[in-house]
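Here are some notes for a colleague who is opening this structure for the first time. They take up the helices and how they pack, and then turn to a few single residues.

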Amino acid sequence: MSDPMNVLAPEHRRLRIGDTWRDAAGGATFAVEDPATGKAIAEVADAGVVDGLAALEAASEAMAEWAATPPRKRSELLTATYRALTERSEEVARLITLEMGKPLAEARGEVAYGAEFFRWFAEEAVRIEGRYNTAPGGGYRILTVPKPVGPCVFVTPWNFPLAMGARKIAPALAAGCTTITKPAAQTPLTMLLLARIMEEVGVPPGVVNVVTTKRSGDVVSALLADRRTRKLSFTGSTEVGRVLLRQAADNVLRTSMELGGNAALIVCADADLDVALDGAMVAKMRNIGESCIAANRIYVEEPVLEEFTTRFAKRMGALSVGHGLDDGVDVGALIDEPSVNKIDELVTDAVDRGARVLVGGERPDGPGHFYPPTVLVDVPEDAQILEEEIFGPVAPIISFTSDDEVIAKANDTEHGLVGYVFTRDLQRALRFTEGLETGMVGINRGLISDPSAPFGGVKQSGIGKEGSHEGILEYLDVTYAAIDLP
């Protein structure tokens, strides 16, 4: 097995600021560990406030020239990034698995998914349009000119260390914005590798800056308080999102927020159960369940409850658990010990309240942060697991008897990111689509993410959209000119 760390030289495990790779002020570093072993695999720079502001200075200095770069040139650099990621997919995927824990097959899928954002927004870069028209009352003309919003601060999560950065950086660069990315402390290596790849393909200095830190609160707060920052995009928990929104309000920053979820997956009695089972496995177990769009609550209509539950539990129990770089592994390590503890507490609470464990339910002994695929039934409505985002391989199954009942239960949450519905009745599917209070709905499908589709939630699951044409609009302001022309 080749060493995945070989793809990122020690000099590129530092801060990427402007045209340099530099140590943090004072030389501080922190360790990155392999969650499957708990052992440190690398040291990276631990930035402080002064480093964050240096990155903002670099982004600000590069802003005017990058905004004036012809759209075709920006497009070509994004296309070159897409090609480089595609060509180097295996080495990038192995690094993702090493620092995040997901199985290698899933990491390869993330590389393909993340690369597609660069291809998609390379195409959007040359299609940014304003308009020119006669005012309805005559006498003058209306001219609208889209302009990049300015330097952007990105705070990205650990669960998709490449894709979540790509989903923000690609549209920002397409629009003409410069960027500062603060990746999660658990998974900084993949973002540093992406910055190195973008440097190699010719993205100018100061356009893509990366600041790794374990002092996230201080660094991000300083960036948001600086008037040079004009945009914040965050993917993470609703709790942290609320804090960042309050801080962003002081400078009236443009914000995009992709926050927590509590997705309901609904299996109707008329569903094709083979399709529903496949969809439920993807929606629940993609990324080990460590996904904001993971199925958090599985509602099954009473007539098919027993068959679905039996077959689903059998498939969950057949999944193999182990190091993500090992052959044949379906379920890798969770990101850290607090994540395992939280899942264990949620399962224990549900069982204490009357739920039954069909599969899994007990954390294994030994090194690494593992939890087995778990299926719970007879889950009472007051169980914490139905209220909180699980972020792991645990599936609570609940029965329902009517559409109105299950829609009410599905909507009984502060979150509204995604819902999943399995039915062969088109009218029923449309009623669920209109009735669910979510930004996205998967109909007979457990995988909905696509760079060409608008990703985002409602209620306390977020603000704004990522991907699709809507994604680039988040990085553009519009100037309106009234031109006197009788």
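1. A convenient place to begin is helix H6, whose buried residues are Leu189, Thr190, Met191, Leu192, Leu193, Leu194, Ala195, Ile197 and Met198. Please keep in mind throughout that this is a predicted model. Helix H6 covers residues 189–201, and its 13 residues reach 19 Å from the first C-alpha to the last, close to the 18 Å expected at 1.5 Å a residue. The helix is followed by Gly202, whose phi is positive, near 110 degrees.

2. Helix H5 can be read in a similar way, beginning with its length: H5 has 13 residues and spans 19 Å from its first C-alpha to its last, which is close to the 18 Å expected at 1.5 Å a residue. As to burial, 13 of the 13 residues of H5 are buried, so this helix is largely enclosed by the rest of the structure. Just after H5 comes Gly176, which takes a positive phi of about 100 degrees.

3. One of the neighbours of H5 is helix H4 (residues 104–125), and the axes of H4 and H5 (residues 163–175) come within 9 Å and cross at roughly 10 degrees. Because angles under 35 degrees count as roughly parallel, H4 is described as roughly parallel to H5. On the side of H4 the contact is made by Glu110, Tyr113, Gly114, Phe117, Phe118, Phe121 and Ala125, while H5 contributes Ala163, Met164, Ala166, Arg167, Ile169, Ala170, Pro171 and Ala174. By class, the residues of this contact of H4 with H5 divide into 12 nonpolar, one polar and two charged.

4. Helix H4 also packs against helix H3 (residues 89–100), here at an angle of about 120 degrees and with the axes 8 Å apart. That angle makes H3 oblique to H4, and the crossing of H3 and H4 is right-handed. The contact involves Ser89, Glu90, Val92, Ala93, Arg94, Ile96 and Thr97 of H3, which meet Leu104, Ala107, Arg108, Glu110 and Val111 of H4. In this contact of H3 with H4 there are six nonpolar, two polar and four charged residues. A reader may wish to mark Glu110 of H4, which is listed in the contact with H3 and is also listed in the contact with H5.

5. How do helices H1 and H7 lie with respect to each other? Helix H1 (residues 49–68) and helix H7 (residues 216–225) pack at an angle of about 40 degrees, with their axes 8 Å apart, and the two helices are therefore oblique to each other. H1 passes H7 in a right-handed crossing. The residues that make the contact are Val49, Gly52, Leu53 and Leu56 of H1, together with Asp218, Val219, Ala222 and Leu223 of H7. Sorted by class, the residues of the contact of H1 with H7 comprise six nonpolar, one polar and one charged.

6. Two residues deserve a look for their backbone angles, and the question for each is whether it is buried or exposed. Val252, in the loop between helix H8 (238–249) and strand E11 (254–258), has a phi near 50 degrees, a positive value in a residue other than glycine. With a relative accessibility of 65%, Val252 counts as exposed. Ile288 lies in the loop between helix H9 (273–285) and strand E13 (295–301), and has a positive phi of about 65 degrees although it is not a glycine. Ile288 counts as buried, because its relative accessibility is 2%.

7. Arg311 sits in helix H10 (residues 305–317) and, with a relative accessible area of 30%, is partly exposed. Leaving aside neighbours within four places in sequence, Arg311 is in contact with Leu273, Asp274 and Leu277. Of these partners, Leu273 is 38 residues from Arg311 in sequence, and the two are 9.4 Å apart in space, C-alpha to C-alpha.

8. The last point concerns Leu447, which belongs to the loop between strand E18 (440–443) and strand E19 (462–463). At 34% relative accessibility Leu447 counts as partly exposed, and, not counting residues up to four places away in sequence, it touches Val282 and Arg286. Leu447 and Ala429 are separated by 18 residues in sequence and by 17 Å in space, C-alpha to C-alpha.

Key
Residues numbered from 1 in each chain as written. Predicted model: local features only at pLDDT ≥ 70, side-chain atom pairs only at ≥ 80, totals over all residues. Heavy atoms only, no water. Helix = DSSP H or I, 4+ residues; strand = E, 2+ residues; numbered from the N terminus. Expected span 1.5 Å × (residues − 1). Buried < 20%, exposed > 50% of the residue type's maximum accessible area, 1.4 Å probe, protein only. Axes fitted to C-alpha atoms, helices over the stretch in contact; angles between N-to-C directions. Parallel < 35°, antiparallel > 145°, perpendicular 65-115°, else oblique. Left-handed = near helix turned anticlockwise from the far one by under 90°. Contact = heavy atoms within 4.5 Å. Nonpolar A, V, L, I, M, F, W, Y, C, P; charged D, E, K, R; others polar.
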